[in-house]
Amino acid sequence: MKKIIQFMKGEVVLCIALLLALMSMFLVAPSAQYASYMNWHVLSLLLCLMLVMEGLKQLGVFASIAGILMRKVKSFVQVAYVLVFLCFFSAMFITNDVALITFVPFAIEVLRMAGKEKKMISVIVLQTIAANLGSMLTPIGNPQNLYLYDQAGYSLTKFLGVMILPCVISFALLFASCLWIAKGETMDDIVFPPIQYWTRKRGILTGIYIALFLLSILVVAEVVPFAVALAITLPVVFVMDRKTIKSVDYCLLLTFCGFFIFVGNMGNIDSVAAFLGQWMQGREFIVAVLTSQVISNVPAALLLSGFTADYKALLLGVNIGGLGTLIASMASLISYKLFAKAYPNQRGRYMGYFTWMNIVYLLIFCVLYFAF
């Protein structure tokens with residue numbers, strides 16, 4: 001029983017998704033139609049990407065890149081730029097979750113070696129904001145983008161056209177924020193541990209994972225069918241790196257399935273579909289932002305997508321909606337847990353600074369959205 005309670009606490013969104021799916025089954029009886037609710041394209045591609053990113057992370061590829069970059073810095077503001085923009089740019093391709101899992105522990109280590117623990121909270125909060133905002137540029141940056149990209153039927157160029165301006169604004173805000181937190185700070189030289197040299201096996205595995213990643217990109221570009229990518233990726237990873245398969249976040253896939261069932265069933269109830277569609281009409285952005293604050297932006301995208309055709313506003317809403325509360329983007333919980341483990345007595349300070357910074361960023365984006 002204790003393990004079940006711990007699991008439920010750790011996977012609150014999954015539990016909500018499964019509960020909503022179960023409740024909806026009393027309104028729309030289970031049938032063969034349930035299979036049509038599932039977006040197999042998104043589920044398959046998401047699994048492929050998670051396998052690849054988990055494999056590259058375990059090989060230490062991202063940490064090695066970060067270590068090489070940090071050896072070039074000469075001032076604290078440069079340290080801040082590297083740590084924050086590593087999250088910003090890498091999240092576009094390796095997802096916000098993987099970026100934070102990789103680079104927040106690295107930031108903790110670097111700031112300790114630099115004697116800048118007083119800046120720990122501000123840097124990690126900016127890393128979190130950077131990962132959430134950087135990930136919005138590409139379809140593979142986060143799960144809600146991958147889903148809405150497929151749901152809207154966008155081309156890659158159209159998707160990038162929608163998201164490029166918010167991403168440029170994000171870069172400018174983060175650049176200014178790094179200057180602000182580094183104001184007046186000096187720094188002595190940091191002595192890094194030796195770079196871990198690559199073995200032949202590690203190099204081969206990295207090359208294979210990069211090839212599998214490019215295969216997933218071809219699926220996003222609609223060059224290769226998703227079934228082909230899955231049929232290649234799954235057995236290759238199983239044969240060459242079996243432990244990676246055990247490390248993938250399957251709860252995220254189950255969360256998607258739960259919301260697919262719930263949204264599909266709600267869409268089959270005419271009165272409910274009509275009400276939600278009318279409620280969403282013309283309010284997609286603000287409804288997405290507010291819903292994300294309560295249930296996080298991935299389930300918000302899944303929940304609201306069935307009741308609107310304005311995918312541009314919804315896409316912007318769920319991505320900007322990742323700012324705000326700690327649960328607005330589930331990736332933000334990763335940073336919090338990593339920081340709380342390292343500094344358990346400073347959790348309150350972290351929450352206060354995190355909430356303040358996120359609200360400022362969220363208000364700026366909301367004002368810009370409605371102004372233009």
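Visitor: What is the crossing of α4 and α14, left-handed or right-handed?
Guide: Right-handed. The near helix is turned clockwise from the far one (anticlockwise by less than a right angle would be left-handed). This is a predicted model, where local features need pLDDT of at least 70, side-chain atom pairs need 80 or more, and totals for chains, interfaces and linings use all residues. Residues are numbered from 1 along each chain, and side-chain values use heavy atoms, without hydrogens or water.

Visitor: Why is α4 called roughly antiparallel to α14?
Guide: The axes of α4 (residues 40-58) and α14 (residues 250-267) come within 10 Å and cross at roughly 165°. Over 145 degrees counts as roughly antiparallel, so α4 earns the name.

Visitor: Which residues of α4 make the contact?
Guide: Val42, Leu43, Leu46, Leu47 and Met50 (contact means heavy atoms within 4.5 Å). On α14, the partners include Tyr250, Phe256 and Phe260.

Visitor: What makes tyrosine 81 and phenylalanine 175 a stacked pair?
Guide: Their ring centres are 4.7 Å apart, with planes at 20°. Pairing needs centres within 6.5 Å; planes under 30 degrees apart are stacked, over 60 edge-to-face, the rest tilted. So this pair is stacked. Tyrosine 81 lies in α6 (residues 76-94) and phenylalanine 175 in α10 (residues 156-181), 94 residues apart in sequence.

Visitor: How do you know whether tyrosine 81 is buried or exposed?
Guide: Its relative accessibility is 17%, so tyrosine 81 counts as buried. Buried means under 20%, exposed over 50%, partly exposed in between. Phenylalanine 175, at 36%, is partly exposed.

Visitor: Why is the pair of phenylalanine 89 and phenylalanine 171 called tilted?
Guide: The centres are 6.1 Å apart, and the planes make 55°. That is neither stacked nor edge-to-face, so the pair is tilted.

Methods:
Axes fitted to C-alpha atoms, helices over the stretch in contact; angles between N-to-C directions. Helix = DSSP H or I, 4+ residues; strand = E, 2+ residues; numbered from the N terminus. Parallel < 35°, antiparallel > 145°, perpendicular 65-115°, else oblique. Phe/Tyr/Trp six-rings, centres within 6.5 Å; stacked < 30°, edge-to-face > 60°. Buried < 20%, exposed > 50% of the residue type's maximum accessible area, 1.4 Å probe, protein only.
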